[in-house]
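Trainee: I should be grateful for a close look at the spaces in and around this protein, with a word on the rings and contacts.

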Amino acid sequence: MRHPVVMGNWKLNGSKEMVSGLIKGLDAALNGVEGVDVAIAPPVMYLDLAEQLLNKADSKIILGSQNVDLHNNGAFTGDISPAMLKEFGASHIIIGHSERREYHHESDEFVAQKFAFLKENGLTPVLCIGESEAQNEAGETVAVCARQLDAVINTQGVDALNGAIIAYEPIWAIGTGKAATADDAQRIHAAIRAHIAEKSEEVAKNVVIQYGGSVKPENAASYFAQPDIDGALVGGAALDAESFAAIAKAAAEAKN
């Protein structure tokens, strides 16, 4: 049975004071909450501080990261290896985010290579897929998501999705205040799951598919009530402990 995962992508935000306050506030707000996995992905500069704070509190919050390189060592200035992430306790690693695809020109094939390397190193890929506003208006959403998934499936096999997380994030809804309706999001999630089921019904049944794109406490419950939406990848609202905890609680309540 699938278990909902709510993950906060902090993007390029943070300070030592902010990281400390946010983790402490989030840990307190989530006390006693069961039935949902909660993860955070701070900037890599703050992984050490985050790990120390989580360990000190004996927290159940999962530590993640926002990116990874294709090498564990070598002459790759500025990059971060899976081995380094593991050493600092990070396990859930975001790849393929639309901002990486756009600003750093990461192709489907490059993202698929990152996926494979994370799996090889025993880490959990959080694979972001999603369409632009133009693609959405052209009715290409499912085709775009299928293409991005197939970059992994066609090179690694559908079983590679076991233990991974897929995050469907319509690009036009990220940080814009716009959001797909719960019904529209469910339709796309169901189509993504059906595409995977063409290769393996078992993998499709068990893979976690999050929704991301202006998820807030006010709309979270409507998403989580849908049968194919297994949590959320949260941006702006993840920077506020009360808001992020409310989203996690909504996932726990909806799926239990």
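Mentor: On a 1 Å grid over the protein atoms alone, a pocket is an open set of points with protein on both sides within 12 Å along at least five of seven lines, a cavity is a set where a 1.4 Å probe fits but cannot get out, and lining residues have an atom within 4 Å of a point. Points are joined across faces, edges and corners, and a volume is the space filled by probe spheres set on them. The model is predicted, with local features needing pLDDT of at least 70, side-chain atom pairs pLDDT 80 or more, and totals for chains, interfaces and linings using all residues. Residues are numbered from 1 along each chain as its sequence is written, and side-chain values use heavy atoms, leaving out hydrogens and water.

The second largest pocket holds about 320 Å³ of space. Its lining comprises 16 residues, and those nearest the centre are D27, L30, V33, K60 and I61. Sorted by class, this lining has six nonpolar, five polar and five charged residues (Ala, Val, Leu, Ile, Met, Phe, Trp, Tyr, Cys and Pro are nonpolar, Asp, Glu, Lys and Arg charged, and the others, Gly among them, polar).

The largest pocket has a volume of about 470 Å³. Of its 19 lining residues, K11, L12, Q66, N67 and R100 are the closest to the centre. Helix α4 gives the largest share of that lining, three residues (helices, H or I of at least four residues, and strands, E of at least two, are DSSP runs numbered from the N terminus). The lining of the largest pocket divides into eight nonpolar, seven polar and four charged residues.

Turning to enclosed space, the structure contains two cavities of 30 Å³ or more. The largest cavity, of about 40 Å³, is lined by G96, S98, R101, C128, I129, G130, E169, I171 and I174. At least two residues of this lining come from each of α4 (98-103) and β5 (124-129), and helix α4 also serves the largest pocket described above. Four residues lining the largest cavity are nonpolar, three are polar and two are charged.

The second largest cavity encloses about 30 Å³. Around it stand V142, C145, A146, L149, A191, I192 and H195. Helices α7 (141-156) and α8 (182-197) each contribute at least two of these residues, with α7 giving the largest share, four. Here the lining has six nonpolar residues, one polar residue and no charged residues.

Helix α8 also contains H189, which is buried at 0% relative accessibility (buried is under 20%, exposed over 50%, partly exposed in between, for a 1.4 Å probe and protein chains only). Apart from neighbours within four places in sequence, H189 is in contact (heavy atoms within 4.5 Å) with Y168, I209, Q210, Y211, D228 and I229.

Two of those contacts, Y168 and Y211, lead to the rings. The count comes to two aromatic pairs (Phe, Tyr or six-membered Trp rings with centres within 6.5 Å; planes under 30 degrees apart are stacked, over 60 edge-to-face, the rest tilted). Y168 and Y211 form a tilted pair, 6.2 Å centre to centre with 50° between the planes. Because Y168 belongs to strand β6 (residues 165-168) and Y211 to strand β7 (residues 208-211), the pair ties together parts 43 residues apart in sequence. Y168 is buried at 2% relative accessibility, and Y211 is buried at 1%. Ring pairs join Y168, Y211 and Y223 into a cluster.
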